[in-house]
Amino acid sequence: MSNDLKIQKAVKNYLLKNPRFFAQHPELMSAIEVVETEGELTNLTTHQLRTLQQQNQQLKAQISQLIANAQQSESVMNRLFDLLTRLSVVDEVAYLPEFVAFVTEHFPADYFKLLVAEGMVELVESEHLALLNSSQVSQFAVFKAKPEPLFGRLKKDQIQSIFGSVDDIQSAVVLPIGDQAQFGLMAFASKDEEKFHPNSASDLLQKLAQVLAAYFTQLEPVDENQVMS
């Protein structure tokens with residue numbers, strides 16, 4: 001190490017150990033120059049002011065994000081409460097159609113499908129509600145070992161097994177209902193590739209799947225060999 005570097009290191013260590021040095025020698029503040037990232041020189045006071053301003057802006061951004069997250073969480077809880085309230089006053093026949101109606105109204109996506117394992121309930125199939133078939137079970141066998149939702153640009157065969165021969169889906173999310181998807185699957189898809197990217201927040205969607213799992217759990221047990229086997 002050169003003498004110059006040794007001196008710089010010694011000065012740095014001294015200043016770190018004596019943070020009040022410039023307070024004791026204020027005349028030095030206006031003499032010290034600092035190189036900004038743009039290559040311009042400024043005195044230490046101006047540099048410190050700019051640094052504080054930047055830190056203040058970062059702090060404001062963090063606070064704004066925290067407020068936004070809190071508001072979003074409140075909105076999520078309100079919607080879940082509304083859903084549970086509506087479901088609490090319907091009979092078994094109307095439960096799934098009411099669930100589907102609520103989700104399509106309050107959780108907009110270009111495509112939505114709820115696939116229920118065979119034998120769970122008497123089901124009248126519709127645009128958004130159908131029985132889980134063997135092709136879908138095969139395409140999403142990954143849920144046997146990994147219960148986390150699948151996000152992003154899913155395989156073409158997976159998309160078509162749920163939504164048919166559509167060709168404009170750019171992102172999707174598929175959630176298992178129950179352990180190893182024993183009760184079925186819930187899927188959302190979008191023409192926007194950023195709508196359901198892998199880093200998307202999925203807490204609310206998983207809570208919707210949990211609502212269904214709790215409902216199916218209280219029904220008559222089914223033969224587990226015919227579900228996701």
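## A tour from a hairpin to a helix

Select strand 6 and strand 7 first. They form a hairpin with six residues between the strands, and G178 there takes a positive phi near 90 degrees. Keep in mind that this is a predicted model.

**Stop 1: the whole protein.** Zoom out for a moment. The protein holds seven helices and seven strands. Read from the N terminus, the order of elements is α-α-β-β-α-α-β-β-α-β-α-β-β-α. Of the 229 residues, 33% are buried. The accessible surface is about 14,900 Å², and carbon and sulfur atoms account for 51% of that. Now look at contacts between residues at least 6 apart in sequence: 52% of them join residues at least 24 apart.

**Stop 2: strand 6.** Select residues 171-177. Are the residues of this strand mostly covered or mostly open? Mostly covered: seven of the seven are buried. Show the side chains. S171, V173, L175 and I177 point one way. A172, V174 and P176 point the other way. Both sets are buried.

**Stop 3: the partners of strand 6.** Add residues 184-190, which make up strand 7. Strand 6 and strand 7 run antiparallel, joined by seven bridges. Pick A172 and find its bridge partner in strand 7, A189. Next add strand 5, residues 150-152. This strand also pairs with strand 6 in the antiparallel sense, over three bridges. Here L150 stands opposite V174.

**Stop 4: helix 6.** Select residues 156-163. Which residues of helix 6 are buried? They are Q158, I159, S161, I162 and F163. These residues lie on the same side of helix 6, because they cover an arc of only 165 degrees around the axis. A general rule helps here: an α-helix has 3.6 residues a turn, so residues three or four places apart point the same way.

What covers these buried residues? The cover includes strand 3 (111-116) and helix 5 (134-139). Strand 5, strand 6 and strand 7 are also part of it. Color those elements and turn the view until helix 6 faces you.

**Stop 5: Q158.** Stay on helix 6 and select Q158. Its relative accessible area is 9%, under the 20% cut-off, so Q158 counts as buried. Which residues does Q158 touch, leaving aside its neighbours within four places in sequence? Q158 is in contact with Q139, F140 and L150. You have met L150 already, opposite V174 in strand 6.

**Last stop: G164.** Step past the end of helix 6. G164 follows the helix, and its phi is positive, near 80 degrees.

Methods: Residues numbered from 1 in each chain as written. Predicted model: local features only at pLDDT ≥ 70, side-chain atom pairs only at ≥ 80, totals over all residues. Heavy atoms only, no water. Buried < 20%, exposed > 50% of the residue type's maximum accessible area, 1.4 Å probe, protein only. Helix = DSSP H or I, 4+ residues; strand = E, 2+ residues; numbered from the N terminus. Pairing = 2+ DSSP bridges. Contact = heavy atoms within 4.5 Å. Areas by Shrake-Rupley, 256 points an atom, 1.4 Å probe, with all protein chains shown as cover. Arc of directions from axis to C-beta.
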